[in-house]
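User: Please choose one part of this structure for a close look, and set it in the context of the rest. I would like the reasoning laid out in full.

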Amino acid sequence: RMNSYSEEKNTTAIRITASALAGSVVPFLVLPFDNLKTKMQKMKADSKGQMPYRGLYDCLVKSVRREGFFHLWVGFDAFFFRSGIHVFLTSLMIEFLPELWHKIEGKH
């Protein structure tokens, strides 16, 4: 779709924009699951030997009731700078390294 806004296909600007979008969207979608996973990994049995969560869905429901829906994104800024930048740079490398490799390979 992004190619429809430009006469040329796969321009550098399109590749950078697509990578930036991926780097922004992925952390937003992944962070709630990462927070729930961390809660489940850190859970400990109470005095009766009962675990606080029975599974991922139970953890989600109890967390939203106790902390609120938007608390699923707590720590977004740190997660964004860790994961978002990683996704952005990885996407750029996937786009540009093969092209660079073919240019280098063609010169030999």
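Analyst: A residue is called buried here when its relative accessible area is under 20%, exposed when that value is over 50%, and partly exposed in between. By that rule Asp58, with a relative accessible area of 11%, is buried, and since Asp58 is found in helix 2, that helix is the part to look at closely. The model is a predicted one, and a word on confidence belongs before any detail. The mean pLDDT of the protein is 89, with 91% of its residues at 70 or more; confidence is highest in helix 2, at a mean of 97, and lowest in helix 3, at 88.

Helix 2 runs over residues 56-67 and has twelve residues, and the distance from its first C-alpha to its last is 16 Å, close to the 16 Å expected at 1.5 Å a residue. Its buried residues are Asp58, Cys59 and Ser63. Viewed down the axis of helix 2, these buried residues fall within an arc of 125°, so they line one face of the helix. What they pack against is helix 1, whereas Tyr57 and Arg65, on the other side of helix 2, are exposed. Just after helix 2 comes Gly68, which takes a positive phi of about 100°.

Within this helix, Asp58 deserves the most careful reading, for it is a buried residue that also takes part in a salt bridge. Leaving aside residues up to four places away in sequence, Asp58 touches Pro52 and Tyr53. The side chain of Asp58 meets that of Arg54 in a salt bridge, with N and O 3.5 Å apart. The two partners differ in how far they are open to the surroundings: Asp58, at 11% relative accessibility, counts as buried, while Arg54, at 75%, counts as exposed.

Helix 2 also holds Glu67, which forms a salt bridge with Lys39, the closest N and O atoms being 2.6 Å apart. This pair links distant parts of the chain, with Glu67 in helix 2 and Lys39 in helix 1, 28 residues apart. Neither partner is buried, because Glu67 is partly exposed with a relative accessible area of 35% and Lys39 is likewise partly exposed, with a value of 21%. Helix 2 is thus related to helix 1 both through the packing of its buried residues and through the salt bridge of Glu67 with Lys39.

To place these bridges in context, the whole count comes to seven salt bridges. Another of them joins the side chains of Arg15 and Glu99, with N and O 2.8 Å apart. Because Arg15 lies in helix 1 (residues 12-42) and Glu99 in helix 3 (residues 76-107), this pair ties together parts that are 84 residues apart in sequence. Arg15 counts as buried, at 12% relative accessibility, whereas Glu99 is partly exposed, with a relative accessible area of 32%. Having looked at the pair of Asp58 and Arg54, one can add that salt bridges sharing partners join Arg15, Glu95 and Glu99 into one network.

The aromatic side chains complete the setting, and a search of the whole structure finds five aromatic pairs. In one of them, the rings of Phe69 and Trp73 have their centres 5.2 Å apart and their planes at 70°, so the pair is edge-to-face. Phe69 counts as partly exposed, at 45% relative accessibility, while Trp73, at 19%, counts as buried. Phe80 and Phe81 make another edge-to-face pair, with ring centres 5.4 Å apart and planes at 75°; of these two, Phe80 is partly exposed, with a relative accessible area of 24%, and Phe81 counts as exposed, at 55%. Ring pairs also link Phe28, Phe69, Phe70 and Trp73 into a cluster.

Taken together, the close look gives a helix with a buried face made of Asp58, Cys59 and Ser63, which packs against helix 1, and with Tyr57 and Arg65 exposed on the other side. Its two salt bridges described here are of two kinds: Asp58 meets Arg54, and Glu67 reaches Lys39 in helix 1.

Notes:
Residues are numbered from 1 along each chain as its sequence is written. This is a predicted model: local features need pLDDT of at least 70, side-chain atom pairs count only at pLDDT 80 or more; totals for chains, interfaces and linings use all residues. Side-chain values use heavy atoms; hydrogens and water are left out. Rings of Phe, Tyr and Trp (its six-membered ring) pair if their centres lie within 6.5 Å; planes under 30 degrees apart count as stacked, over 60 as edge-to-face and the rest as tilted. Buried means under 20% relative accessible area, exposed over 50%, partly exposed in between (1.4 Å probe, protein chains only). A salt bridge is a side-chain nitrogen of Lys or Arg within 4 Å of a carboxyl oxygen of Asp or Glu. Helices (H or I, at least four residues) and strands (E, at least two) are DSSP runs, numbered from the N terminus. The expected span of a helix is 1.5 Å times one less than its number of residues. The arc is that of the directions from the helix axis to the C-beta atoms. Contact means heavy atoms within 4.5 Å. pLDDT is the predictor's confidence in each residue, from 0 to 100.
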